[in-house]
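Colleague: Hi, have you got a minute to walk me through this model? I'd like to start with the overall picture and then poke at the details.

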2 protein chains.
Amino acid sequence: MTAPPDQTVATLANGPGSTESTRLGLTAPLRLDCGVEFSDFPVAYQTYGALNADKSNAVLICHALSGDQYVGDTHPDTGKPGWWSLMVGPGKLLDSNRYFIICVNILGGCMGTIGPKEINSDTGKPWGLDFPVITVADMVRAQALLLDHLEIEQLFCVIGGSMGGMQVLEWAALYPERVRTAVPIAAAPYHSAQNIAFHEVGRQAIMADPDWRGGNYLSEGTNPNRGLAIARMVAHITYLSEPALHNKFGRRLQDRDAVTFGFDADFQVESYLRHQGSTFVDRFDANSYLYITRAMDYFDLAERYGGVLAEAFLGCETRFCVISFTSDWLYPTSESRRIVHALNAAAANVSFAEIESDKGHDAFLLEEPEFWSVLSGFLNGAREHFGLDFGNGD
Amino acid sequence: MTAPPDQTVATLANGPGSTESTRLGLTAPLRLDCGVEFSDFPVAYQTYGALNADKSNAVLICHALSGDQYVGDTHPDTGKPGWWSLMVGPGKLLDSNRYFIICVNILGGCMGTIGPKEINSDTGKPWGLDFPVITVADMVRAQALLLDHLEIEQLFCVIGGSMGGMQVLEWAALYPERVRTAVPIAAAPYHSAQNIAFHEVGRQAIMADPDWRGGNYLSEGTNPNRGLAIARMVAHITYLSEPALHNKFGRRLQDRDAVTFGFDADFQVESYLRHQGSTFVDRFDANSYLYITRAMDYFDLAERYGGVLAEAFLGCETRFCVISFTSDWLYPTSESRRIVHALNAAAANVSFAEIESDKGHDAFLLEEPEFWSVLSGFLNGAREHFGLDFGNGD
């Protein structure tokens, strides 16, 4: 495993992103899969770098369930680095000196884009459970409206992990002519029964919290912190592999020499999980969690195409790079292979890499030199193929 | 795969068990690992069949986290068949015409043995969180006291799955001379970080329920049904394999033709999980759930032996049959292999079978002809080895 080429020049500090918000659906409404129409609705996004003259260097990063648009710079609420700051910034693999990088808070999110926590102009109160159930395709349609607004016809690349990878697949299915390259990472073409089951537990934990108040907690001045923390805890277990948990914590005790014969966090893994739960509630909205998990559960790309996944990609000229991780049991390699088989059956251009990693599903967020090397090679090859020169050593 | 030999004669109806309860710790107290002593405490158990003249036909079945002593006959609360009624009864593999079968409600349980829901004679109120934290070894020590009470010196077999298998290992470690054969099924020599993590989520869900009342819900006339149901839901996912969930439910909808764009149980798997949660609370005590999961988390057999598992079995003349299932990701085959390696290192007599099954951890409860065949062969061989004849065709 060698360091990805782009990383060798990564000596610059991570530059600040540009925080943007706009209103979409002004000329025509966005019609959702459920039938509801959104007009004049807010979308928040970050950009990094500058759009070049021929608008050929735009890269759209799609975020996952608990992500947001702060992909490469400090999160305003937590003060922590962006969720993919290892990857995004000047001199990084997704180099903001080279690309114009866009990351949009998804529809249903809680960082400025329309979602259950935003004010419903019809009532003057937060949407809460009156917010319509959205789908991954709806998220992508909203992103396409934003690209229209930015007057960007075509993306050099759309990339994302987990639910971000589902959006990537929807992009290629809905707007193939707008996507030159597509990189779905640690993703799946549909949500499995086990995936749905884990989400349902999280939703039940939120809705069982009396502070959830039937979804009206914002109006009633409460917050279902305990329910949301439990939802996060169970989800977090699924993001890590058993070996990762073993290596990171094993059965080591938390600041004590022996078990206490009680229900305190004796074990480091308990303390860690509780911390994951309690910090999550500071930055995330419980109703958003319900809506986004529901969108993922509803995701089954083939369904729109008579159950034949390949039909989603027929005639698609996008170049795909599908990436999975060996220890990801949430979206295992077998699901990525399903995507690859469908792309092959549709005669699409696809490369596939299963990365050896013991870090589980979250590997896509972490330092994984082999993953970075594969991605860097794919993007370099695609630039060459399309005869593009974005500067910075190309 | 052939039907196990003992099954071919299984034409008799399942006979009723004998419901028994006794008080133990009368002459000397039971000293728990935490240091607390129990005197004059209740233990509830079921027996099936009759003890033979030389008391050589006793089989102890150890139950798992959510099990109880009703292993072979109707559960008094639910009216459902015993949890291992496929296995236990006249003419069954664990044949009550042949064996004297005992199944004891574990220490900390909620079906008659001392546990957090029983009355603390010091206060006249349910123990609640004043109940001491117990260990798997404590459960086994209590079972040994019961055998003393029954005047049974030696067991022909001690057998159990999951936490039942942990008890089997403790039996062989603590009382090797009392155990002729030991069958730990779908078990592990310690609880892993991932195992602890899932349990911690369940406990947090229970303790987050305002009806838990700091553990005093019985005195206060409430019941943390929602928290306990969520704990059961998340645990239940871990008992099934992904293929089992896929085959059983996939993405099939529950009594509807299309998704409802809401948070109702659109998917069969959601409906199933909700049902698992809501029925569990009718038969299980939330505090018992806390204590038993804690006992499992604390389980690390090697710890008492300086971290060397083999030391637990040195000089042990018990014959072991270790069984695992290929699709069990909660207590995977690698954990059973650890047990087998330690037994080999201790020069113990051990046979090992990994059963091909897609049913996950719960496979040990279900119809698995290969499993039954292995177990039947092992028990037949052991009877022959020990020169035992329990009748019924031997």
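Modeller: Happy to. With 394 residues, a compact globule would have a radius of gyration near 21 Å, and chain A has 21 Å, which agrees. That radius is taken over C-alpha atoms, and the globule rule is 2.2 Å times the number of residues to the power 0.38. This is a predicted model, where local features need pLDDT of at least 70, side-chain atom pairs count only at pLDDT 80 or more, and totals for chains, interfaces and linings use all residues. Residues are numbered from 1 along each chain as its sequence is written, while chains are lettered from A and ligands numbered from 1 in the order in which they are written.

Colleague: What does the C-alpha trace of chain A span along its principal axes?

Modeller: About 65 × 55 × 45 Å. The secondary structure of chain A comes to 10 helices and 14 strands; helices (H or I, at least four residues) and strands (E, at least two) are DSSP runs, numbered from the N terminus.

Colleague: And how many of the residues of chain A count as buried, in per cent?

Modeller: 55% of the 394 residues. Buried is 20 or more other C-beta atoms within 10 Å of a residue's own, exposed is 12 or fewer, and partly exposed is in between, with C-beta atoms placed from the backbone. Residues 24 or more positions apart account for 71% of the chain A contacts that have a separation of 6 or more. A contact here is two C-beta atoms, placed from the backbone, within 7 Å.

Colleague: Which domains is chain A divided into?

Modeller: Domain 1 takes 5–191 + 300–385 and domain 2 takes 195–293; the bounds come from an automatic or database domain assignment. Taken over C-alpha atoms, the centres of the two domains of chain A are 26 Å apart. In chain A, 26 residues of domain 1 are in contact with 22 residues of domain 2. The domain 1 side of that contact divides into 10 nonpolar, 10 polar and six charged residues. Ala, Val, Leu, Ile, Met, Phe, Trp, Tyr, Cys and Pro count as nonpolar, Asp, Glu, Lys and Arg as charged, and the others, Gly among them, as polar.

Colleague: Switching to the dimer side of things: how many residues of chain A are in contact with chain B?

Modeller: 43 residues of chain A, against 43 residues of chain B. On chain A, α3 (193–208), α5 (225–239), α6 (242–248), α7 (268–280) and α8 (286–298) each supply at least two residues of that side. α3(A) gives the most, with 11 residues. The chain A side divides into 26 nonpolar, seven polar and 10 charged residues.

Colleague: What turn lays chain A on chain B?

Modeller: A turn of 180 degrees with a shift of 0.0 Å along the axis, giving an RMSD of 0.0 Å. That is the relation of a two-fold axis. The same surface serves both copies, as 100% of the contact residues of chain A recur in chain B. The superposition is by least squares on the C-alpha atoms of residues with pLDDT of at least 70 in both copies.

Colleague: Can you give me one residue to look at there? What is V269(A) in contact with?

Modeller: Leaving aside neighbours within four places in sequence, V269(A) is in contact with L245(A), F249(A), A193(B), I196(B) and A197(B). V269(A) is found in helix α7 of chain A and counts as buried, with 27 C-beta neighbours inside 10 Å.

Colleague: Nice. Now α10(A): which of its residues are buried?

Modeller: F371(A), W372(A), S373(A), V374(A), L375(A), F378(A), L379(A) and R383(A). The buried residues of α10(A) pack against β11 (155–161), β12 (179–185), β13 (319–325) and β14 (349–355) of chain A. Just after α10(A), G387(A) takes a positive phi of about 65 degrees.

Colleague: Which loop holds R213(A)?

Modeller: The one between α3 and α4 (217–220) of chain A. R213(A) has a positive phi of about 50 degrees although it is not a glycine. Most residues other than glycine have a negative phi. R213(A) is partly exposed, with 16 other C-beta atoms within 10 Å.
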